[in-house]
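I am opening a notebook on this structure and will write down what I look up, entry by entry. The sequence and the model come before the notes.

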Amino acid sequence: MSGTTDWPEAGFPGIRINPDSLRPQIVNEDAVREALAASADPADHIFVLLVEGHASEAAELLAEARFKDPESFRLRVFEAEVLSVSHRLDRAIDLFRQLLAEVHGTPREALALQYLGRTQYAAGQTSAAVESFSKALDLRVAQSADAAQIYSSTVALQRARDVLDLAC
């Protein structure tokens with residue numbers, strides 16, 4: 001984990017957000033495996049499969065989990081993440097926009113904006129990503145969100161702005 005301690009947390013032990021790609025990355029395999037062994041939540045297993053790039057396996061688990069809990073926001077986010085990991089970024093962006101419209105004005109809006117921004121960034125839509133990250137950061141600050149979430153939005157916004165500046 002050396003050199004990754006200042007990377008933003010990804011919400012799961014042993015996984016952090018790479019500040020260059022803005023994607024979650026395993027930084028401590030042992031911590032990930034221990035956390036998975038202790039978890040009965042299929043969403044945790046789906047998340048790790050997505051981080052590892054196993055979109056089809058994640059999609060299979062996701063289909064089962066969504067059948068049991070079709071309204072789960074986290075699982076709906078993972079549905080869009082499966083598309084993103086599968087390089088179907090336009091479709092993932094559309095789904096994140098749909099989710100964003102559904103959670104507008106709720107505490108989940110900032111998270112939806114963060115995911116949308118990350119997918120826009122991966123798709124090369126850097127200006128749109130800056131706007132999404134900026135809104136996510138503003139909402140997180142206004143909601144007095146956890147410091148790790150504010151830090152994650154700050155790092156993502158700065159990275160997108162840096163890339164945008166280099167392009168100009």
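Before anything else I fix a term: two strands pair if DSSP finds at least two bridges between them. I also note at the outset that this is a predicted model.

**Entry on the sheet**

I looked up strands S1 and S2, and by that rule they pair, in the antiparallel sense and over two bridges. In this pairing I find Phe-12 standing opposite Ile-15 in S2. The hairpin that S1 and S2 form has two residues between the strands, and in it Gly-14 takes a positive phi near 85°.

I then followed strand S2 (residues 15-17) to its other partner, S3, to which three bridges join it, again with the strands running antiparallel. Here Ile-17 stands opposite Pro-24 in S3. Taken together, the three strands make an open sheet in the order S1-S2-S3, with antiparallel pairing. Strand S1 (9-12) and strand S3 (24-26) each have a single partner strand and stand at the edges, so one side of each has no neighbour in the sheet. From one strand to the next the twist averages 35°.

**Entry on the helices H1, H2 and H3**

I went next to helix H1 (residues 29-38) and H2, whose axes come within 9 Å and cross at roughly 155°. Because angles over 145 degrees count as roughly antiparallel, H1 is roughly antiparallel to H2. The crossing in which H1 passes H2 is left-handed. In the contact, Val-32, Arg-33 and Leu-36 of H1 meet Asp-44, His-45 and Val-48 of H2. Sorted by class, this contact of H1 with H2 holds three nonpolar, one polar and two charged residues.

For helix H2 (residues 42-51) and helix H3 (residues 55-68) I noted axes that come within 9 Å and a crossing angle of roughly 160°. H2 is therefore roughly antiparallel to H3. H2 passes H3 in a left-handed crossing. From H2, the residues Pro-42, His-45, Ile-46, Leu-49 and Leu-50 meet Glu-57, Ala-58, Leu-61, Leu-62 and Ala-65 in H3. By class, the contact of H2 with H3 has eight nonpolar residues, one polar and one charged.

**Entry on Arg-118**

Is Arg-118 buried or exposed? I located Arg-118 in helix H6 (residues 109-122), and its relative accessible area is 10%. Since buried means under 20% relative accessible area, Arg-118 counts as buried. Which residues is Arg-118 in contact with, once its neighbours within four places in sequence are left aside? I list Ile-17, Leu-22, Arg-23, Pro-24, Glu-81 and Phe-133. Two of these names, Ile-17 and Pro-24, I had already written down as standing opposite each other in the sheet. I also noted that Arg-118 and Ala-55 are 63 residues apart in sequence and 17 Å apart in space, C-alpha to C-alpha.

**Entry on two loop residues**

Last, I looked at residues with a positive phi that are not glycines. His-87 has a positive phi of about 65° although it is not a glycine, and it lies in the loop between helix H4 (73-85) and helix H5 (89-103). With a relative accessible area of 69%, His-87 is exposed. Ser-144, also not a glycine, has a positive phi of about 50°, and I place Ser-144 in the loop between helix H7 (126-142) and helix H8 (147-167). Ser-144 counts as exposed at 63% relative accessibility.

Conventions: Residues numbered from 1 in each chain as written. Predicted model: local features only at pLDDT ≥ 70, side-chain atom pairs only at ≥ 80, totals over all residues. Heavy atoms only, no water. Axes fitted to C-alpha atoms, helices over the stretch in contact; angles between N-to-C directions. Helix = DSSP H or I, 4+ residues; strand = E, 2+ residues; numbered from the N terminus. Parallel < 35°, antiparallel > 145°, perpendicular 65-115°, else oblique. Left-handed = near helix turned anticlockwise from the far one by under 90°. Contact = heavy atoms within 4.5 Å. Nonpolar A, V, L, I, M, F, W, Y, C, P; charged D, E, K, R; others polar. Buried < 20%, exposed > 50% of the residue type's maximum accessible area, 1.4 Å probe, protein only.
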